[in-house]
Amino acid sequence: MLSAQPLKVLVTGANGLLGQKLVAKLQTRSAVTLIATGKGPNRNPGPAEYLYIDLDLLDIAATTEVVRTHRPDVVIHGAAMTQVDACEQQPELCRQLNVDVVKTLADSCRAINARFIHVSTDFIFDGESGPYDERAAPAPLSVYGQSKLDAELLIQQTEGLRWAIVRTVLVYGVVPDMSRSNIVLWVKAQLEAGKEIRVVNDQVRSPTLAEDLAEGIISILMREKTGIWHISGAEIMNVWEIAQQTALFFGLDTGLMIPVSSDTLSQPAKRPPRTGFIILKAETELNYRPFSFKQGLALVKQQLDDLT
Ligand SMILES: NC(=O)c1ccc[n+]([C@@H]2O[C@H](COP(=O)([O-])OP(=O)(O)OC[C@H]3O[C@@H](n4cnc5c(N)ncnc54)[C@H](OP(=O)(O)O)[C@@H]3O)[C@@H](O)[C@H]2O)c1
């Protein structure tokens with residue numbers, strides 16, 4: 001009997017937090033042939049038993065050519081300009097990375113009839129009435145949120161494109177050589193260094209372990225699901241509580257933590273106060289079962305121990 005051809009999956013942003021988790025999980029699957037793309041050299045650990053392509057997505061011709069040449073069955077778009085304040089300060093670059101790049105990829109996928117799985121954010125909502133399900137009305141407060149919403153809309157309006165949009169919330173985890181931190185690593189590093197930290201107590205999120213996000217996306221990939229999906233942790237928590245639990249888990253001094261309201265931080269980009277996701281659709285249709293926040297912390301600790 002002939003075995004089915006492996007699915008050819010191209011991942012963008014392969015050096016990022018989500019990207020590295022996707023690479024780690026997809027490269028071990030016999031049903032998948034992986035093509036990982038990232039800007040600059042491959043920062044994933046271990047020998048690469050997959051094709052890695054150094055690809056700056058801002059290079060439209062190169063991006064189009066990579067998709068046209070390698071003809072993936074599915075593109076998972078994990079790359080983005082993810083720093084919310086940098087987006088506010090450089091709206092043009094944010095638009096190029098978070099909207100124009102998505103248009104290039106969506107058009108390239110449509111041209112070869114590849115599926116397109118895009119990653120989006122809770123920051124498309126205004127945070128007045130979270131937690132949100134997939135049908136809630138978006139109303140972004142920031143340049144970043146607007147760019148991610150514009151990308152969602154252009155995907156949905158690309159005629160003939162087979163797409164899935166996976167929205168997520170406050171992702172945490174650890175991978176080698178990260179270009180940006182996250183709440184858990186930030187709290188841990190600052191308190192370990194004996195530094196005081198100011199933590200907002202008026203923002204609510206559902207913190208998401210990077211592994212869970214990758215698993216949710218892989219479920220959507222393998223089950224050939226389309227449409228919008230909310231993939232996050234199951235617990236709706238105040239950011240202050242997230243930081244407290246992190247400090248306590250790692251045995252650090254919570255006395256160094258100062259609760260503050262968001263407006264005292266004078267950050268360039270406005271954050272939605274209360275988001276978090278209702279993940280019932282993913283639980284029901286994908287059998288998605290995320291780690292609890294405490295389990296997630298334990299996994300991060302184990303991975304940090306393995307890295308040292
Ligand atoms: N992290 C969160 O809390 C969060 C929350 C909601 C939604 N999301 C969404 O989740 C997705 C994955 O985010 P993440 O947490 O994995 O972020 P990340 O670690 O910042 O990864 C983003 C990746 O995009 C890459 N990239 C940036 N510009 C590029 C370019 N011109 N060409 C090629 N690659 C480029 C970055 O490369 P370098 O590593 O070389 O800089 C980085 O590896 C994004 O769509 C983000 O909007 C994240």
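**View 1. Helix α6 and its buried residues in this predicted model.** The buried residues of α6 are I183, V184, L185, V187, K188 and L191. Helix α6 runs from residue 183 to 192. Several elements cover its buried residues, including strands β7, β8 (197-200) and β13 and helices α8 (239-249) and α10 (293-307). Just after α6 comes G194, with a positive phi of about 75°.

**View 2. The loop between β7 and α6, with D177.** D177 lies in this loop, after β7 (171-172) and before α6 (183-192). The phi of D177 is positive, about 55°, although D177 is not a glycine. Most residues other than glycine have a negative phi. D177 has a relative accessible area of 53%. The cut-off for exposed is over 50%, so D177 counts as exposed.

**View 3. Helices α8 and α10 where they cross.** The two axes come within 11 Å and cross at roughly 50°. Angles from 35 to 65 degrees count as oblique, and α8 and α10 are therefore oblique to each other. The crossing of α8 past α10 is right-handed. On the α8 side, the residues that meet α10 are I242, Q245, T246 and F249. On the α10 side, they are F293, K294, L297, A298 and K301.

**View 4. Helix α7, end to end.** Helix α7 covers residues 210-222, which is 13 residues. At 1.5 Å a residue, α7 should span 18 Å. The end C-alpha atoms of α7 are 18 Å apart, which agrees. How many of the residues of α7 are buried? The count is 11 of the 13, so α7 is largely enclosed by the rest of the structure. Near the start of the list stand A210, E211, D212, L213 and A214. The other buried residues of α7 are G216, I217, I218, S219, I220 and L221. E224 follows α7 and has a positive phi, near 55°.

**View 5. The largest nonpolar core.** This core has 36 residues. Those with the most contacts inside it are L22, L26, I76, I117, I217 and I231. Strands that give two or more residues to the core are β1 (7-12), β2 (32-38), β4 (74-77), β5 (115-121) and β6 (162-168). Helices α1 (17-26), α7 and α9 (280-286) also give two or more. Helix α7 supplies the largest share, six residues. Another core, of 26 residues, lies apart from this one. Among its residues are Y172, L191, V239 and M257.

**View 6. I76 and its contacts.** Neighbours within four places in sequence are left aside here. I76 is in contact with V9, L10, V11 and T12, among others. Its contacts also include L22, L26, I117, I217 and L221.

**View 7. Helices α1 and α7 where they cross.** The axes of α1 and α7 come within 9 Å and cross at roughly 60°. The two helices are therefore oblique to each other. Their crossing is right-handed. From α1, the contact uses L17, L18, K21, L22, K25 and L26. From α7, it uses A210, E211, L213, A214, E215, I217, I218 and L221.

**View 8. Helices α2 and α4 side by side.** Helix α2 (residues 60-70) packs on helix α4 (residues 91-112) at an angle of about 30°. The axes are 9 Å apart. Angles under 35 degrees count as roughly parallel, and α2 and α4 are therefore roughly parallel to each other. The crossing of α2 past α4 is right-handed. I60, T63, T64 and V67 of α2 meet T104, L105, S108, C109 and I112 of α4.

**View 9. The cis peptide bond before P131.** A cis bond joins G130 and P131, with omega about 0°. Most peptide bonds are trans. P131 lies in the loop between β5 and α5 (143-156).

**View 10. S266 in the loop between β13 and α9.** Strand β13 (257-260) comes before this loop. S266 is not a glycine, yet its phi is positive, about 45°. Is S266 buried or exposed? At 63% relative accessibility, S266 counts as exposed.

Conventions: Residues are numbered from 1 along each chain as its sequence is written. This is a predicted model: local features need pLDDT of at least 70, side-chain atom pairs count only at pLDDT 80 or more; totals for chains, interfaces and linings use all residues. Side-chain values use heavy atoms; hydrogens and water are left out. Helices (H or I, at least four residues) and strands (E, at least two) are DSSP runs, numbered from the N terminus. The expected span of a helix is 1.5 Å times one less than its number of residues. Buried means under 20% relative accessible area, exposed over 50%, partly exposed in between (1.4 Å probe, protein chains only). A nonpolar core is a set of buried Ala, Val, Leu, Ile, Met, Phe, Trp, Tyr and Cys residues joined through side-chain atoms within 4.5 Å. Contact means heavy atoms within 4.5 Å. Axes are lines fitted to C-alpha atoms, for helices over the stretch in contact, and angles run from 0 to 180 degrees between N-to-C directions. Angles under 35 degrees count as roughly parallel, over 145 as roughly antiparallel, 65 to 115 as roughly perpendicular and the rest as oblique. A crossing is left-handed if the near helix is turned anticlockwise from the far one by less than a right angle, and right-handed if clockwise.
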